[in-house]
Amino acid sequence: MKAINLISAMAFFSAIGIFSSCYEQPETPVPKLETKGNATQLIVDGKPFLVLGGELHNSSSTSREYMKEFWPQLKASGMNTVLAAVEWSLIEPAEGKYNFTIVDELLEDARKNDLRLVLLWFGSWKNGQSHYAPEWVKADYKRFPRIMGENGKALEIMTPLVKENLDADAKAYAALMKHLWEVDQLQRTVIMMQVENEVGIIGSARDHGDAANVAFNSPVPTELMNYLTAYKESLLPETKDLWASSEFKTSGTWTEVFGEGDKCDEIFMAWHYATYINEVTKAGKAQYAIPMFVNAWLVQIQDKRPGDYPSGGPQAHMLDIWRAGAPDVDLYCPDIYRPVFSELCELYTRNKNVLFIPEARAGEQGAGQLFYAIGKHNSIGYSPFGFETRTEDVENDPMTRAYKVAGNMSDIILDAQQKGNITAFLSEGDMQTPEEVTLGGYKFLIEPGRSRRGPSSTPVQGYGIIINIAPDEFIIYGSSIQVSFAPATDGPAIAGIARVDEGKYVKGAWTERRRLNGDDIMLDYDLAKKALENKTGTGIRFGSDSEYLQRVKLYRYE
Ligand code: DGJ
């Protein structure tokens with residue numbers, strides 16, 4: 001009897017709309033990071049998700065009207081996720097008075113276009129500066145103190161050493177996350193958050209304000225000392241070298257433990273930025289726990305000392321300090337504009353860091369970097385900066401081609417990441433020396449693409465991704481390369497092509513275009529010479545703008 005009453009009460013209330021959120025519309029799973037097999041991946045709607053992203057210019061997401069013309073282009077680009085700023089000053093114009101209209105409009109427009117969002121919290125810091133703090137924070141510099149430079153002058157940067165600053169930021173960020181939890185439980189349009197943006201001090205290696213001076217002359221916090229002691233054997237060489245200067249002292253002031261100078265100042269700032277941002281992150285996750293990351297303005301070639309680049313930010317050489325101080329931050333991400341992409345990916349996958357690149361370049365360079373990051377380093381995604389204005393011709397843009405190829409095969413890529421069945425290759429600058437990668441029992445020799453008449457006279461930048469889909473069988477995609485094959489295991493000495501099909505994935509299903517043979521698999525006509533080297537002279541080629549992949553079955557003989 002009681003059950004019947006409950007059911008009819010539910011029916012009544014849901015008819016008038018009261019139970020609609022809890023009974024009629026089941027919650028979708030919360031986005032999270034999960035390690036499966038060989039890879040840690042972003043899980044969205046309960047499934048692994050590859051972020052094919054694009055970050056908007058800083059001011060675009062402040063106006064729905066301004067964004068109107070860009071949504072169709074974003075949609076047409078094959079991307080699946082927009083990275084967009086949310087400014088503290090706009091959501092909390094007066095202390096404690098929140099206005100989330102701009103966030104709600106962004107969510108609505110992203111949903112209309114079937115796109116996900118990663119929101120960038122421009123709170124206390126953006127590019128190191130505090131330009132995005134609300135006026136009531138900026139103007140009250142006695143309550144919300146600034147960093148003092150070496151010359152004793154105030155910089156327009158809120159200091160991470162004063163709790164009043166942290167409390168104000170954390171409160172606003174928590175309010176934002178609470179709001180997202182309320183409005184985004186069904187769609188999960190927002191899949192990750194970036195907490196602050198490219199933090200660190202430009203103009204000084206450390207803060208010389210009163211609070212900072214007191215902390216700097218006090219003992220290094222035990223939490224940091226305990227972390228360094230516990231992980232001493234696996235610390236990054238940069239941390240170890242610095243600590244070695246004091247013969248691994250386990251207590252003392254900052255200079256006693258890390259030595260005098262800029263490097264010590266930088267560690268001091270990294271600890272304080274990391275612990276501050278960790279508190280902001282925790283306050284946000286207490287409301288709504290989705291993956292949260294920080295991004296780094298990297299050291300540039302001309303930089304000589306911390307302060308030339310943002311001192312205390314999550315640069316590659318500070319990752320130990322950030323892991324110790326900000327364990328609730330899920331990823332430490334590089335914004336890569338420098339032409340040493342592969343080296344930076346390598347640096348940012350140390351220390352068990354999961355790779356995500358929130359800012360980078362688009363174009364043909366971006367296409368190669370995307371495939372390299374996801375194929376070689378299990379990146380959870382890639383996102384060029386200024387995506388909405390990067391091209392006049394979205395349809396024929398290299399990033400569009402790359403996103404369409406990757407998007408149509410994202411399940412295959414994600415599955416291969418888990419199984420460790422994927423690798424990639426990227427040439428930066430002129431590809432002079434052939435490179436070899438090994439996968440699935442074969443060696444793949446990757447060289448600049450050339451016509452059958454000989455090598456191209458123009459320098460080429462090539463890239464390629466290889467997935468081992470079955471024994472002896474590979475999906476290969478690339479640009480400006482040719483690939484030949486050799487066995488990597490014991491057995492018959494020569495690897496030949498059993499068959500090659502050109503085709504593409506359409507929503508995860510392989511669709512064939514044509515069978516390739518003859519001229520299309522002969523890389524070299526000097527077959528006798530090749531035979532003497534245990535080679536076939538066969539292989540595959542990719543031009544610079546192919547939308548087609550090649551599915552290669554190999555076999556061995558001697
Ligand atoms: C890096 C910053 O994080 C972005 O917000 C933007 O300012 C770009 N630089 C501009 O290149």
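User: Which element gives the most residues to the lining of the largest pocket?

Analyst: In this predicted model, the elements that give two or more residues to that lining are strand S3 (47-49), helix H17 (398-408) and H18. With 6 residues, the element that gives the most is H18.

User: What is the volume of the largest pocket, and which residues lie closest to its centre?

Analyst: The largest pocket has a volume of about 850 Å³. Its lining counts 28 residues; by class, 10 are nonpolar, 9 polar and 9 charged. Closest to the centre are Phe-49, Asn-80, Asp-114, Gly-407 and Ser-410.

User: Why is helix H18 described as largely enclosed by the rest of the structure?

Analyst: Buried means under 20% relative accessible area. In H18, the residues that meet this are Ser-410, Ile-412, Ile-413, Leu-414, Ala-416, Gln-417 and Gln-418. H18 spans residues 410-419 and is largely enclosed because the buried residues number 7 of the 10.

User: Which residue follows H18, with a positive phi?

Analyst: The phi of this residue is near 70 degrees. The residue after H18 is Gly-420.

User: What share of the ligand's exposed area does the protein bury?

Analyst: Around the ligand are Asn-58, Lys-126, Asn-127, Asn-197, Glu-198, Asp-335, Tyr-337, Glu-359 and Phe-385. Polar side-chain atoms of Asn-58 and Asn-197 each lie 2.9 Å from an oxygen atom of the ligand, and for Glu-198 the distance is 3.3 Å. Taken alone the ligand exposes 290 Å², and the share buried by the protein is 76%.

User: How many charged residues are in the shell around the ligand?

Analyst: The shell includes Lys-126, Glu-198, Asp-335 and Glu-359, and Asp, Glu, Lys and Arg count as charged. Next to 2 nonpolar and 3 polar residues, the number of charged residues is 4.

User: Which helix supplies the largest share of the lining of the largest cavity?

Analyst: About 60 Å³ of space lies in this cavity, and Ser-61, Ser-63, Arg-64, Met-67, Trp-71, Ile-102, Glu-105, Leu-106 and Asp-109 line it. Helix H3 (64-67) and helix H6 (101-112) each supply at least two of these residues. The largest share, 4 residues, comes from H6.

User: Which helix and which strand each supply at least two residues of the lining of the second largest cavity?

Analyst: The second largest cavity holds about 30 Å³ of space. Its lining is made up of Ser-130, Ala-133, Val-137, Lys-138, Arg-146, Glu-156 and Met-158. The elements asked for are helix H7 (135-139) and strand S8 (154-158).

Key
Residues are numbered from 1 along each chain as its sequence is written. This is a predicted model: local features need pLDDT of at least 70, side-chain atom pairs count only at pLDDT 80 or more; totals for chains, interfaces and linings use all residues. Side-chain values use heavy atoms; hydrogens and water are left out. A residue is near a molecule or strand if one of its heavy atoms lies within 4 Å of it. A polar contact is a pair of N or O atoms within 3.5 Å; within protein, one must be able to donate a hydrogen and the other to accept it, and residues adjacent in sequence count only if both atoms are side-chain atoms. Accessible areas come from the Shrake-Rupley method with a 1.4 Å probe; for residues, only the protein chains shown count as cover. Buried means under 20% relative accessible area, exposed over 50%, partly exposed in between (1.4 Å probe, protein chains only). On a 1 Å grid over the protein atoms alone, a cavity is a set of points where a 1.4 Å probe fits but cannot get out, and a pocket is an open set with protein on both sides within 12 Å along at least five of seven lines; lining residues have an atom within 4 Å of a point. Grid points are joined across faces, edges and corners, and a volume is the space filled by probe spheres set on the points.
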